[in-house]
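I opened this notebook to keep track of what I looked up, one topic at a time. My entries follow the order in which I went through the model.

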Amino acid sequence: MTTLQQNYRNVCSNIARAAAEAGRPSESVRLVAVGKTFPAGDIREVYAAGQRDFGENYIQEWYEKTEDLADLSDIVWHIIGDVQSNKTKFVAERAHWVHTIGRLKTARRLSVQRPYKMPPLQVCIEVNIAGEAAKHGVAPDEAVALACEVAKLPNLKMRGLMCVAKADAGEAELREAFGRMRALLAELNAAGVVADVLSMGMSGDMEIAVACGATHVRIGSAIFGRRDYSK
């Protein structure tokens, strides 16, 4: 077993333990392994250990990985970074999930560009839960309205909400933010949109996110190691 594969097994064990402590079955939490900045070969290693859901932030880098890993026919690609208008065609044609819908314009482009032979693109609304200027996403009080509009579009399937918590937040602040996300999901369902996904929690706050109801956790460094953004 390689180091990456052992890291992956450790993360799976941590997720199962966090779910159990929250009184939830382990299968209620889906791991999205985030490979941004890491080579396709690293993803192939983790795939060989059993992982199928992989998240990417940078569209051009991800597109090149889809070419390198085209033989892995059952890999599931999650876009977890901002999707610029000139990149929506790539995403519509190759992704399975987009967690970062923050503009109706983007959703409309993805809907139009999704090939009709493919299943609907699974999408989540990105919520800027802490109101940080440097982060993408809509304000919490705009999330449900946007989700309701996106849910009307063909070729997309509205699944729920996503957030990135403050990097320096303490446990109380994290629980408050993740609790607000859970309340927003309930509000979305009350508005008539059947949605079941809370994409929240990363390597540093995964356990708290699971305790607060996360259905998808996006884990990168705990599997692949520390990123070198200078490359």
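I began with helix 2, and I noted that what covers its buried residues includes helix 1 (3–21), strand 2 (53–56), helix 3 (59–68), strand 3 (76–79) and helix 9 (221–224). I keep in mind throughout that this is a predicted model.

**Entry: helix 2**

I then asked which residues of helix 2 (residues 40–48) are buried. I found A40, D42, I43, V46 and Y47 in that group. Looking down the axis of helix 2, I saw that its buried residues fall within an arc of 155 degrees, so they line one face of the helix. As background I wrote down that an α-helix has 3.6 residues a turn, so residues three or four places apart point the same way. After helix 2 comes G50, and I recorded that the phi of G50 is positive, near 120 degrees.

**Entry: helix 5**

I went through helix 5 (residues 104–113) in the same manner and listed L104, T106, A107, L110 and S111 as its buried residues. Down the axis of helix 5 the buried residues fall within an arc of 160 degrees, so here too I could write that they line one face of the helix. On the other side of helix 5, I found K105 and V112 to be exposed. I also looked up what covers the buried residues of helix 5, and the cover includes helix 4 (88–94), strand 4 (97–101), strand 5 (121–127), helix 6 and strand 6.

**Entry: the nonpolar cores**

I next asked which residues touch the most other members of the largest nonpolar core. They are I125 and V150, in a core that has 71 residues. Helix 7 (residues 171–190) gives the most to this core, and I noted its contribution as seven residues. Setting aside the neighbours of I125 within four places in sequence, I listed its contacts as H99, I101, V138, A143, L146, A147, V150, M158, G160, L161 and M162. I also found a second, separate core of five residues, and V76, W97, C124 and M162 are among them.

**Entry: cavity and pockets**

I searched for enclosed space and found one cavity of 30 Å³ or more, with a volume of about 30 Å³ for the largest cavity. I wrote down its lining as E126, V127, N128, I129, K135, H136 and V164, which by class makes three nonpolar, two polar and two charged residues.

Turning to open space, I recorded a volume of about 630 Å³ for the largest pocket. Of the 28 residues that line this pocket, I noted K36, N57, V164, M202 and R218 as the closest to its centre. By class I have 12 nonpolar, eight polar and eight charged residues in the lining of the largest pocket.

For the second largest pocket I recorded a volume of about 200 Å³, and I listed T66, E67, L69, A70, L72, S73, I75, W77, R94 and H96 as its lining. The residues of that lining divide into five nonpolar, three polar and two charged.

**Entry: P154**

Last, I asked where P154 is placed. I located P154 in the loop between helix 6 (140–150) and strand 6 (156–163). I then asked whether P154 is buried or exposed. P154 has a relative accessible area of 52%, and since exposed means over 50%, I entered P154 as exposed. I also noted that P154 and R114 are 40 residues apart in sequence and 9.2 Å apart in space, C-alpha to C-alpha.

Key
Residues are numbered from 1 along each chain as its sequence is written. This is a predicted model: local features need pLDDT of at least 70, side-chain atom pairs count only at pLDDT 80 or more; totals for chains, interfaces and linings use all residues. Side-chain values use heavy atoms; hydrogens and water are left out. A nonpolar core is a set of buried Ala, Val, Leu, Ile, Met, Phe, Trp, Tyr and Cys residues joined through side-chain atoms within 4.5 Å. Buried means under 20% relative accessible area, exposed over 50%, partly exposed in between (1.4 Å probe, protein chains only). Helices (H or I, at least four residues) and strands (E, at least two) are DSSP runs, numbered from the N terminus. Contact means heavy atoms within 4.5 Å. The arc is that of the directions from the helix axis to the C-beta atoms. On a 1 Å grid over the protein atoms alone, a cavity is a set of points where a 1.4 Å probe fits but cannot get out, and a pocket is an open set with protein on both sides within 12 Å along at least five of seven lines; lining residues have an atom within 4 Å of a point. Grid points are joined across faces, edges and corners, and a volume is the space filled by probe spheres set on the points. Ala, Val, Leu, Ile, Met, Phe, Trp, Tyr, Cys and Pro count as nonpolar, Asp, Glu, Lys and Arg as charged, and the others, Gly among them, as polar.
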